[in-house]
Amino acid sequence: MIDRRSALKLALSSAAAFATSPGFAQTAKPRTRIVFLGTKGGPRIGVGASNPANLVVVNDTPFVIDCGMGVSRQLVSAGVPIPSVKYIFISHHHSDHNLEYGNLFYNAWVAGLSTPIHSFGPNGIEAMTKTYWELNKFDVETRIADEGRPDPRPLLVAKDITEDGVVLQTPDVKVTAFRTPHPPIVDNFAYKFETPDGTVVFSSDTAYNPKLAEFAKGADVLVHECLYLPAVDRLVIKTKNGATLKKHLLESHTTTEDVGRIAAAADVKVLVMSHFVPGDDPLVTDDNWTEDVKKNYSGRIIVAKDLMELKLPV
Ligand SMILES: [Zn+2]
Ligand SMILES: [Zn+2]
């Protein structure tokens, strides 16, 4: 029999031993989090939501997925120092996903970057990186000579992705690319991040693709693009190239009803809707975005907003 005072002493001493053991320190890593930096689909700039970009932070290492216009500012707003970014993933070479790719790196450099950033994207990202340095040669070389900054060019290490499969494996995360159709674009990749706290899949822009559900099967979180048909009809009436635009949107994106089909087939714990098309119609409510999804998917749905954060495990 052990009295209360001894029991308390024992509990305190074992708690202290636990707190100072190396094992405890290792398990006290920060939780993985996802931040939706920019949620508006398409290249047009508005005063509302920012253009497409997402962030995954695993064990304090930031991974940026897509670099729509505004991504640097959104990282600052999210409290993430730009030079702390270690990896950039571009899903495809539509400008709403890559327009600020070079400039994000540049902004990291002028904020004191001293370690490499590795970038991955479909065919063309290596060429785009090279061309970026030609475009900005004058400024970069002036600042190296005049301000004593390190040469940034060797610090941006770009890699073209040409086929499906694992593109990055670190002690904390495995990233897998999966080609998905986004007509007329063929070189377009969804990404799966497997982290110690769970798995998240980013759909990229995509036509309705049941194979994407297989790729995302059992993921904790699926971040999927979406198209709301009634608002698209309103949009095309206002647009000169309305008929062509509507044809493009329907062939290359996924309607909300089909997003529900994908989430259900993939059996994900949480569906995050983002990359809204149209992304700035004030008449579309959160309920509008989810109503047709719910016909097919009964899990948890989040309608993403800029700078909203989701922690894993969910
Ligand atoms: Zn897009
Ligand atoms: Zn696109």
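This tour moves through a predicted model, from its two zinc sites to a cavity, two pockets and a group of paired strands.

**Stop 1: the zinc ion (ligand 2)**

Select the zinc ion (ligand 2) together with His 92, His 94, His 182 and Asp 205. These residues coordinate the ion through NE2 of His 92, ND1 of His 94, NE2 of His 182 and an OD atom of Asp 205, at 2.1 to 2.3 Å. Along the chain, the donors of this ion follow the spacing H-x1-H-x87-H-x22-D. The angles among the 4 donor atoms run from 91 to 161 degrees, and the site is irregular. The upper value explains the label, because a tetrahedral site requires all angles to lie between 85 and 135 degrees.

Now colour the histidines His 92 and His 94 by accessibility. His 92 has 0% relative accessibility and therefore counts as buried. His 94, at a relative accessible area of 25%, is partly exposed, because the buried class ends at 20% and the exposed class begins over 50%.

**Stop 2: the bridge and the zinc ion (ligand 1)**

Keep Asp 205 selected and add the zinc ion (ligand 1). Asp 205 bridges the two zinc ions, which lie 3.5 Å apart. Extend the selection to Asp 96, His 97 and His 275, which complete the set of donors. The zinc ion (ligand 1) is coordinated by OD atoms of Asp 96 and Asp 205 and by NE2 of His 97 and of His 275, at 2.1 to 2.2 Å.

Why is the arrangement around the zinc ion (ligand 1) irregular? The 4 donor atoms subtend angles of 93 to 161 degrees, and the tetrahedral class is closed to it because that class admits angles only between 85 and 135 degrees.

In sequence, the donors of the zinc ion (ligand 1) follow the spacing D-H-x107-D-x69-H. The pair His 97 and His 275 links distant parts of the chain: His 97 belongs to helix 4 and His 275 to strand 12, and 178 residues separate them. His 97 is buried, at 2% relative accessibility. His 275 is also classed as buried, with a relative accessible area of 7%.

**Stop 3: the largest cavity**

From His 275, turn to the enclosed space. The structure holds 1 cavity of 30 Å³ or more, with a volume of about 160 Å³. Of the 17 residues that line this cavity, Asn 54, Asp 66, Ser 204, Val 223 and His 275 are the closest to its centre. His 275 thus appears both here and among the donors of the zinc ion (ligand 1).

Display strand 2 (53–58), strand 11 (221–227) and strand 12, each of which supplies at least two residues of the lining. Strand 11 gives the most, with 3 residues. By class, the lining has 5 nonpolar, 9 polar and 3 charged residues.

**Stop 4: the largest pocket**

Next, select Gly 41, Gly 42, Pro 43, Leu 245 and Leu 249. The largest pocket has a volume of about 400 Å³. Of its 21 lining residues, the five just selected are the closest to its centre. Helix 4 (95–98), helix 10 (242–252) and strand 12 (270–277) each contribute at least two residues to the lining, and helix 10 gives the most, with 3 residues. The lining divides into 6 nonpolar, 10 polar and 5 charged residues.

**Stop 5: the second largest pocket**

The second largest pocket holds about 240 Å³ of space. To find it, select Ala 49, Phe 276, Gly 279, Asp 280 and Asp 281, the closest to its centre of the 18 residues that line it. The lining of this pocket consists of 9 nonpolar, 4 polar and 5 charged residues.

**Stop 6: strand 9 and its partners**

Finally, show residues 189–195 as a ribbon. This is strand 9, and 6 of its 7 residues are buried. On one pairing, strand 8 (residues 174–179) joins strand 9 in the antiparallel sense over 6 bridges; Thr 176 stands opposite Lys 192 in strand 9. On another, strand 9 runs antiparallel to strand 10 (residues 198–202), joined by 5 bridges, with Glu 194 opposite Thr 199 in strand 10. Strand 9 and strand 10 form a hairpin with 2 residues between them.

Definitions and conventions:
Residues are numbered from 1 along each chain as its sequence is written. Chains are lettered from A and ligands numbered from 1 in the order in which they are written. This is a predicted model: local features need pLDDT of at least 70, side-chain atom pairs count only at pLDDT 80 or more; totals for chains, interfaces and linings use all residues. Side-chain values use heavy atoms; hydrogens and water are left out. On a 1 Å grid over the protein atoms alone, a cavity is a set of points where a 1.4 Å probe fits but cannot get out, and a pocket is an open set with protein on both sides within 12 Å along at least five of seven lines; lining residues have an atom within 4 Å of a point. Grid points are joined across faces, edges and corners, and a volume is the space filled by probe spheres set on the points. Helices (H or I, at least four residues) and strands (E, at least two) are DSSP runs, numbered from the N terminus. Ala, Val, Leu, Ile, Met, Phe, Trp, Tyr, Cys and Pro count as nonpolar, Asp, Glu, Lys and Arg as charged, and the others, Gly among them, as polar. Donors are N, O and S atoms within 2.8 Å of the metal (3.2 Å for Na, K and Ca); water is not among the atoms, so sites may look incomplete. Four donors count as tetrahedral if all angles lie between 85 and 135 degrees; four count as square planar and six as octahedral if opposite donors are over 155 degrees apart and all others between 65 and 115; anything else is irregular. Buried means under 20% relative accessible area, exposed over 50%, partly exposed in between (1.4 Å probe, protein chains only). Two strands pair if DSSP finds at least two bridges between them.
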